[in-house]
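Student: I'd like to look closely at one chain, with its side chains and helices in view. Could you walk me through it slowly?

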Amino acid sequence: MPKELIRLSNCTMAFDDEVVLDNINLYINDKEFLTLLGPSGCGKTTTLRIIGGFQMPTSGDVFFDGVRINSVPPHKRAVNTVFQKYALFPHLNVYENIAFGLRVPRVEEQKNEMGKVLSRRKVKLSEKEIDQRVMEMLEVVNLRGFEKRRVTSLSGGQQQRVAIARALVNKPKVLLLDEPLGALDLKLRKDMQNELKRIQKAMEITFIYVTHDQEEALAMSDTVVVMDGGKIQQIGTPEDIYNEPKNAFVADFIGESNILDGIMRSDGVVEIFNRQFACLDSGFEKDEPVDVVIRPEDVDIVPENEGQLKGTVTNVTFKGMQYDIIVDFYGFKWLIQTTDLSPVGSRIGIKIDPDGIHIMKKSQYSGMFGDYSSYSEEYEEISDAAYEPGEDGQEDGDEK
Amino acid sequence: MRNKLSWFSAPYVVWMALFTVAPVILVVIYAFTAVPPAEGFTLDNFLRMKEFAVVFARSFRLALIATFICLLIGYPLSYFLAKEGPSFQKIAMVLIMLPMWMNFLLRTYAWMSILENNGFLNRMFAALGIIDLGNLINGGLNSLCASLNEGVLAWLNARLGTALLLSTDRATDMTYFRMLYTQGAVVLGMVYNYLPFMILPIYSVIIKLDNSLLEAARDLGASSARVFRKVIFPLSLPGVLSGVTMVFVPSVSTFAISKMLGGGTKLLLGDLIELQFLGGAYNPYLGSAISLVMMVIVVVCMYVMNRFGEGEEQAVVL
Ligand SMILES: Nc1ncnc2c1ncn2[C@@H]1O[C@H](COP(=O)(O)OP(=O)(O)OP(=O)(O)O)[C@@H](O)[C@H]1O
Ligand SMILES: [Mg+2]
């Protein structure tokens, strides 16, 4: 039975009347790897800062191990942070950066059986102990031999690892990581993801990890918290989040999704484009309008006359593992991933298994995501970005 | 790669050559030239400087005291200022800079009239009864010292064969405090005039400190005092060093301040040099030698200090 370690209860955060976090309710279990995932500005860092003690929620409570810690300052929390921009001490070398937390004298309390504090004394670690733990940590993050180096002379990935070592060396109960891999290239990122996961397992520390990279979140976490606009959109395991997104925002943010308007005709039957499809969802009212999510990899391409829907391929992009093709069905464009090439202009049919269809309740996000009509234009827009609007006007003029 | 000076820098090169390099060369030449009617190369000018050792010592002592006081006032001021809101900071900065927009001599004259025997401060002290209080305290101290002299000290002197005596002639009939024409007034003048040069560099370093560094230190368990000692202060050292330089150098070579606030009886280096060039002691050869020695001492001091603070300096630049 997992033990609850941290709880945010009705936490709201406002800066000058601008609500940045809106009534967040969240609990985090001991030894859990929990990820806060969301687009830029959705309040991930703010949530982390509330847990770290750098910000007090405007309203609501923060509990640690059942104790309310709203007004406990950061240096008295059993939490350490890996900051978004590392925040290494430039005047100290690698060794001293990592040793910083160990050199702080700790207050040791002696309590009687009733939990009443009998005495307090300051304890300092011996140099030998500090040395041993720093060296141990350097081993863990693969930076042996770097101890005398200035942190400013390190590469981004190395600084990153110093920041992680500096936080971990204190053996905190909880480690907060704010987009720690943001500055790394893809290869190093993947390595560090595995490394962090390994460290978390080995040291049995609760990780609260912030990222806006959905792949990273799915790959590393026990629990993913999807946020947008200061609100939690969904909490669940990576599988839950991917397979059972709660609304169009989550479906769109996690992986690629075709999101269509549908009507629930009865349990297990949904109507899209006036055709009925079998699905596994139930519990909706009869004839309730819903959002239907179909993942690009869940669509089977079949000869046109065998398909449940028939459409025309309008765009093909080679992606290495597969082709991303855009198919026009009655004016609505879908993204489909396939390993067989269907050339642009060809007519195809598709089939969808019942477990490839996921039904969601309508939400504020309905109709905002999941339409790939602008897919090809998106690419053109990017390559045309350097053109001045004035030039377009001229072309128009020529055509007339 | 050739390091060619562009034509655009020509005016500055000419300017520097004319007004910085040439005068220094002249000073060096003069310093090693014998005083007419004698001729040729000589070290006499430097040998004569022994006579002025006391002036050197006094100048460096007063400049050091002034620098130290500036640091004592300037650091906390910069530190707390940097924590205030931006509009408060702007106003405070203007107030700190404001006196600098006025002529240096005017500012010092103002201090003269404030410190005078029947100047503003003394009249205020008299009105508040502080001068009478001073007389009273002096009287009390006198009688305390007298009884100590007769008691403990007399006993000690008899035992140890010494002749220790505490002074008992503190003035008890003062009508004013003597403030003008004291070394204290000279130090005050230096502090007042050069304090902004201490505040500005320290402030600009502290204001640029990355707040996430302070948060990181707190996060790692450091109390506020420890954050200051281990992070803020070391990272602000470059500002302190340039502040110290910018106060110490003009303080050690100042001349008007000592003349106006110190009464001109206890010479400082600046006065001494001025005297050799413009005053009755006209001897530009000796004056050049003194200037040269002073410049060398200052440059060496600064070099040593900057070597000492180099590590931190780099840290902040990066
Ligand atoms: N101190 C502050 N004062 C005013 N607004 C703030 C402050 N800190 C954060 N905000 C606002 O709160 C919102 C959420 O910020 P936050 O830093 O939590 O986002 P984030 O999810 O971490 O984004 P990113 O992925 O870009 O780091 C933003 O709109 C931001 O402008
Ligand atoms: Mg952030």
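**A close look at chain A**

Tutor: Let's begin with a pair of charged side chains: A:Arg7 and A:Glu4 meet in a salt bridge, with N and O 2.8 Å apart. A salt bridge here is a side-chain nitrogen of Lys or Arg within 4 Å of a carboxyl oxygen of Asp or Glu. Before going on, please note that this is a predicted model, where local features need pLDDT of at least 70 and side-chain atom pairs count only at pLDDT 80 or more, while totals for chains, interfaces and linings use all residues; side-chain values use heavy atoms, with hydrogens and water left out. Residues are numbered from 1 along each chain as its sequence is written, and chains are lettered from A and ligands numbered from 1 in the order in which they are written.

Back to our pair: A:Arg7 has a relative accessibility of 32% and counts as partly exposed, and A:Glu4, at 34%, is partly exposed too. These words have cut-offs: buried is under 20% relative accessible area, exposed is over 50%, and partly exposed is in between, using a 1.4 Å probe and protein chains only.

Now try A:Asp65 and A:Lys3, a salt bridge whose closest N and O atoms are 3.1 Å apart. This pair links distant parts of the chain, 62 residues apart: A:Asp65 sits in the loop between strand E4 (59-64) and strand E5 (67-68) of chain A, and A:Lys3 in the segment before strand E1 (4-15) of chain A. Strands (E, at least two residues) and helices (H or I, at least four) are DSSP runs, numbered from the N terminus. A:Asp65 is partly exposed at 36%, and A:Lys3 is partly exposed at 42%.

A third salt bridge joins A:Asp291 to A:Lys362, with closest N and O atoms 3.0 Å apart. A:Asp291 lies in strand E16 (residues 288-294) of chain A and A:Lys362 in the loop between strand E22 (357-361) and helix H9 (375-383) of chain A, so the pair ties together parts that are 71 residues apart in sequence. Here the two ends are not alike: A:Asp291 is buried at 1% relative accessibility, whereas A:Lys362 is partly exposed at 36%. Elsewhere, A:Arg265, A:Glu271, A:Lys286 and A:Asp287 are linked in a network of salt bridges.

Next comes the metal. A:Thr45, through OG1, and A:Gln84, through OE1, are the protein donors of the magnesium ion (ligand 2), lying 1.8 to 2.8 Å from it. A:Thr45 belongs to helix H1 (residues 44-52) of chain A and A:Gln84 to the loop between strand E6 (79-82) and helix H2 (94-103) of chain A, so these two tie together parts that are 39 residues apart in sequence. Donors are N, O and S atoms within 2.8 Å of the metal (3.2 Å for Na, K and Ca); water is not among the atoms, so sites may look incomplete. Both donor residues are partly exposed: A:Thr45 at 27% and A:Gln84 at 38%.

Let's follow two helices. Helix H3 (residues 127-140) of chain A has 14 residues and reaches 20 Å from its first C-alpha to its last, close to the 20 Å expected at 1.5 Å a residue. That expected span is 1.5 Å times one less than the number of residues. Among the buried residues of H3(A) are A:Ile130, A:Val134 and A:Leu138. Their cover includes H2, helix H4 (156-168) and helix H5 (186-203) of chain A. After H3(A) comes A:Asn142, with a positive phi near 65°.

H5(A) has 18 residues that should span 26 Å, and its end C-alpha atoms are 25 Å apart, which agrees. Its buried residues include A:Met192, A:Leu196 and A:Ile199. They pack against several elements of chain A, among them H3, H4 and strand E9 (174-178). Just after H5(A), A:Glu204 takes a positive phi of about 55°.

Finally, step back. Chain A is divided into domain 1 (1-78 + 172-243) and domain 2 (257-382), with bounds from an automatic or database domain assignment. Their C-alpha centres lie 33 Å apart. Contact, meaning heavy atoms within 4.5 Å, joins 5 residues of domain 1 of chain A to 4 residues of domain 2 of chain A. The rule finds 0 salt bridges across that interface.
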